[in-house]
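Visitor: I am new to this structure and would like a close look at a single part, the place where helices pack against one another. Could you walk me through that part and then show me a little of what lies around it?

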Amino acid sequence: MAEPVDLNRLLPDARVFLTELAENNERDWFKANKSRYDSDLKRPSEKLLAQIANWMHETQGMTPRTKLFRPHRDVRFAEDKTPYHIHLHMMWSLPDGRAWMLGLSPDYATLGAGIMGFEPAQLDRWRAAVAADQGAALADIIDAAGWRVDPPTLQRVPPPYPADHPRGSLLRYKGFVAWRDGLDDGLTQTPEATLRQAITDFAPLTDWLGDEVA
């Protein structure tokens, strides 16, 4: 009979495993420790994914698809041939492209929210909304929250928008995700509650994307 899953152990156990994996990143080591990966990382991650998905469905009427990313790296075209990632990533996603992404590693514990890559029609709607009054509301949301945001995709403001557009930085994105870092303590003490609160804090962004882009 399998041991009960303790979600409070997910982050510390994952960090121990991933630290050892970083020092022994080879197939023989992973094969010998596969049962640890399954019990300490995979099963707790699947439980957390299911619990958060159920909460999103019950409280917000959303039915996200869940995904636990595989530990194996695609090394076919990579110079780095180490076979495994030294992070644990999982995702809740909606059909319209909005997603929430949890990343754990020996060095970080972070949650991201947004749309990783706009479809062509979404990109047009993003640019039109950002350039209009709705874009000022989005800029205020981002400034007030203080999230970490990846740099824009494009080096220049795309036409037909002027290079000195007041929201030129936002116009240069082809997908937009904001990140909440420093979730280490919360994910160790109250992981489900911490993620619920972080997802709730992202609601102004994900609601804006749902209304204007998705």
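Guide: What follows starts with the whole protein, turns to one helix and its two partners, and ends with a few single residues.

A word on the basis comes first. This is a predicted model, in which local features need pLDDT of at least 70 and side-chain atom pairs count only at pLDDT 80 or more, while totals for chains, interfaces and linings use all residues. Residues are numbered from 1 along each chain as its sequence is written, and side-chain values use heavy atoms, with hydrogens and water left out.

The protein has nine helices and six strands; these are DSSP runs numbered from the N terminus, helices being H or I with at least four residues and strands E with at least two. Its C-alpha trace spans about 60 × 45 × 30 Å along the principal axes. Of the 214 residues, 43% are buried, where buried means under 20% relative accessible area, exposed over 50% and partly exposed in between, with a 1.4 Å probe and protein chains only. Among contacts (heavy atoms within 4.5 Å) with a separation of 6 or more, 64% join residues 24 or more positions apart.

Now to the close look. Two packed helices are described by the angle between their axes and the distance between the axes. Here the axes are lines fitted to C-alpha atoms over the stretch in contact, and angles run from 0 to 180 degrees between N-to-C directions.

Take helix α4 (residues 120-131) and helix α5 (residues 133-145): their axes come within 4 Å and cross at roughly 85 degrees. That makes α4 roughly perpendicular to α5, a label for angles of 65 to 115 degrees; under 35 counts as roughly parallel, over 145 as roughly antiparallel and the rest as oblique. On the α4 side W126, A129 and V130 meet Q134, G135 and L138 of α5. By class, this contact has four nonpolar, two polar and no charged residues. Nonpolar here covers Ala, Val, Leu, Ile, Met, Phe, Trp, Tyr, Cys and Pro, charged covers Asp, Glu, Lys and Arg, and the others, Gly among them, are polar.

The other partner of α4 in this tour is helix α9 (residues 203-212), with axes that come within 10 Å and cross at roughly 110 degrees. That makes α4 roughly perpendicular to α9. R125, W126, A129 and V130 in α4 touch W208, L209 and E212 in α9. Five nonpolar, no polar and two charged residues make up this contact.

Next, some single residues. N25 sits in the loop between α1 (10-23) and α2 (27-32), and at 19% relative accessibility N25 counts as buried. Leaving out residues up to four places away in sequence, N25 touches T82, P83, Y84 and I86. The N25 side chain reaches the backbone oxygen of Y84 at 2.9 Å. Although N25 and I86 are 61 residues apart in sequence, their C-alpha atoms are 8.5 Å apart in space.

D184, in helix α7 (residues 184-189), is partly exposed with a relative accessible area of 24%. Apart from neighbours within four places in sequence, D184 is in contact with L11, R15 and A109.

One last stop is a peptide bond. Most peptide bonds are trans. The bond from P159 to P160 is cis, with omega near 10 degrees, and P160 lies in the loop between β5 (148-149) and α6 (168-171).

Note on methods:
A polar contact is a pair of N or O atoms within 3.5 Å; within protein, one must be able to donate a hydrogen and the other to accept it, and residues adjacent in sequence count only if both atoms are side-chain atoms.
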